[in-house]
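Subject: Structure for your files

Hello,

Here is the structure you will need for the next discussion. Please look it over first; my notes follow below.

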Amino acid sequence: MERQNRNKKLFSDILIYGAGAVGAKFITFLLFPIYTFFIAPEDLGYYDIALTTVFFLMPAINLQLRSGVFRFLIDNSDESRRRAVINQSYRIMLAATVAVSAISAILALFTDIRCYAYLFGLLLTMSFYEVQIQIVRGLGHTKLYVACGMLSALLISLFSILFVAVLKWNIEGIFLAYIIAQSLVICIIEIRQPVIRKYFSLGTGNRAVAGELLRYCLPLIVASSFLWIVGNAYRYFITYSMGLHANGIFAAAFKFATVIEVVAMIIFQAWQEMSVLQLNATDRDRYYSSVLNAYLLLLTGIVIALSFALKSFYGLLVDAEYAGSVTYLYALCVAETGLALQAFLSAIFLAKKDTMQVLYVTLASSAASLAFYYILIRHAGLMGAAAGYGASYFFMAACYLALIRKSMKIRISARTLITSAIILTGGGFIFYCTENILWRILYCAVSIPAIYRALPKPIVREAGRRIAGLLGK
């Protein structure tokens with residue numbers, strides 16, 4: 001792929017994924033303030049814990065095939081090979097579903113967990129939904145993939161409003177909204193793009209392909225468990241030491257900070273594909289470094305703009321009972337930068353199909369995160385949870401970068417590091433030390449041009465061309 005064309009494709013993919021993700025996440029972003037008016041902090045804290053646990057258990061059914069099917073399909077145009085990959089993915093998931101269902105039925109006899117049936121239904125639905133849309137994406141149907149994400153978010157929102165705000169079904173209504181919405185989207189995918197009917201068969205499977213998939217995915221299954229610890233263990237530390245009410249308050253700030261996570265996922269999806277296509281390019285290392293430096297500067301600008309804007313209108317976005325959560329907003333936004341960086345760097349190992357390195361990094365990072373959370377939450381409460389979250393992901397990003405540099409000459413420039421560090425430090429000072437909105441506006445007016453000047457010039461030129469094209473110039 002030519003140098004100019006790869007930048008063009010990267011930006012085009014970011015815009016396509018962004019159009020879908022921004023629309024989808026904006027819809028669900030508006031839901032959380034609604035939840036705060038109809039659901040008590042204790043119930044919202046339980047919802048947060050329960051949904052997090054479902055995400056943790058999802059690999060038990062989908063076996064991280066959401067990552068495997070995309071990687072094995074994206075650079076493969078052989079139809080028989082595609083059929084074997086997709087067919088084996090469904091066969092593996094069905095076997096896992098039968099096993100998990102049997103275990104769940106036994107557990108139901110001896111446990112009394114709130115919303116147990118809803119949570120199990122959500123586990124099944126989300127597992128199949130994630131694999132289904134990644135198959136669609138891997139087959140090259142990017143627009144359908146994006147449309148399904150937007151439709152899922154819209155349906156979840158409509159059903160949530162109906163069940164929570166109108167019918168007063170509390171958090172049970174949210175879980176039911178997810179189950180119905182994603183089930184409908186799976187059916188719509190099959191109508192528009194008959195993946196199951198075209199590729200799935202109960203006949204003899206392909207053991208060789210199954211073996212390849214499992215060798216790629218199995219390290220990711222274990223890694224996802226450790227990654228879940230990194231990103232979610234703080235909830236249990238908070239709940240244990242401070243209660244569900246505190247977890248609900250912290251969750252309010254966290255939901256707003258995840259806007260950065262949305263941006264990270266948009267770029268990760270585009271970068272995941274491009275990192276595969278450019279893996280054997282002659283100037284691979286320089287190109288990877290250029291995108292990485294631009295990405296860190298972009299994240300810095302987003303942290304400043306988002307946190308300042310949210311602080312200005314926070315009282316209008318949440319119920320008064322959650323207003324104090326604004327204290328943790330800036331720290332969480334900075335912490336999300338670490339999450340974004342580690343995801344970006346992990347894509348390189350996924351492109352190389354070196355999932356064992358991902359496992360090693362997440363294992364070390366999960367151990368470090370438990371230490372961070374235990375020490376920081378114990379001594380600094382909810383602010384310690386935000387600091388521990390950020391420290392965990394920055395530690396992971398540093399590990400990835402250290403491993404990458406053993407075989408590639410990828411680096412973050414001193415100019416990028418200094419610019420980002422100065423701007424983020426100054427932003428924290430403005431956020432916490434003044435309530436004057438004019439200072440926040442002035443700081444944005446100074447920092448955004450500084451970030452622009454520090455960006456790699458090829459990235460700036462391509463971004464300018466893409467923006468000009470959108471404006472019709």
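Rings of Phe, Tyr and Trp (for Trp, the six-membered ring) are taken as an aromatic pair if their centres lie within 6.5 Å; planes under 30 degrees apart count as stacked, over 60 as edge-to-face, and the rest as tilted. With that in hand, one aromatic cluster is made up of Tyr234, Phe237, Phe250, Phe254, Tyr328, Tyr373, Tyr389 and Tyr393.

Two notes on the basis. This is a predicted model, in which local features need pLDDT of at least 70 and side-chain atom pairs count only at pLDDT 80 or more, while totals for chains, interfaces and linings use all residues. Residues are numbered from 1 along each chain as its sequence is written, and side-chain values use heavy atoms, with hydrogens and water left out.

Overall form

The protein has 17 helices and 0 strands; these are DSSP runs numbered from the N terminus, with H or I over at least four residues for a helix and E over at least two for a strand. Its C-alpha trace spans about 65 × 55 × 45 Å along the principal axes. The radius of gyration is 22 Å, which agrees with the value near 23 Å for a compact globule of 473 residues. That radius is taken over C-alpha atoms, and the globule rule is 2.2 Å times the number of residues to the power 0.38.

Of the 473 residues, 55% count as buried (under 20% relative accessible area; exposed is over 50%, partly exposed in between; 1.4 Å probe, protein chains only). Among contacts (heavy atoms within 4.5 Å) between residues at least 6 apart in sequence, 84% join residues at least 24 apart.

Aromatic pairs

How many aromatic pairs does the structure hold? There are 26 aromatic pairs. One of them joins Trp228 and Tyr236, a tilted pair at 5.6 Å centre to centre with 50° between the planes. Trp228 counts as buried because its relative accessibility is 14%, whereas Tyr236, at 31%, is partly exposed.

Tyr234 and Tyr389 form an edge-to-face pair, with 5.8 Å between centres and 90° between the planes. Tyr234 belongs to helix 10 (residues 207-242) and Tyr389 to helix 14 (residues 355-404), so this pair ties together parts that are 155 residues apart in sequence. Tyr234 is buried at a relative accessible area of 2%, and Tyr389 is buried at 3%. Both residues are also members of the aromatic cluster named at the start.

Regards
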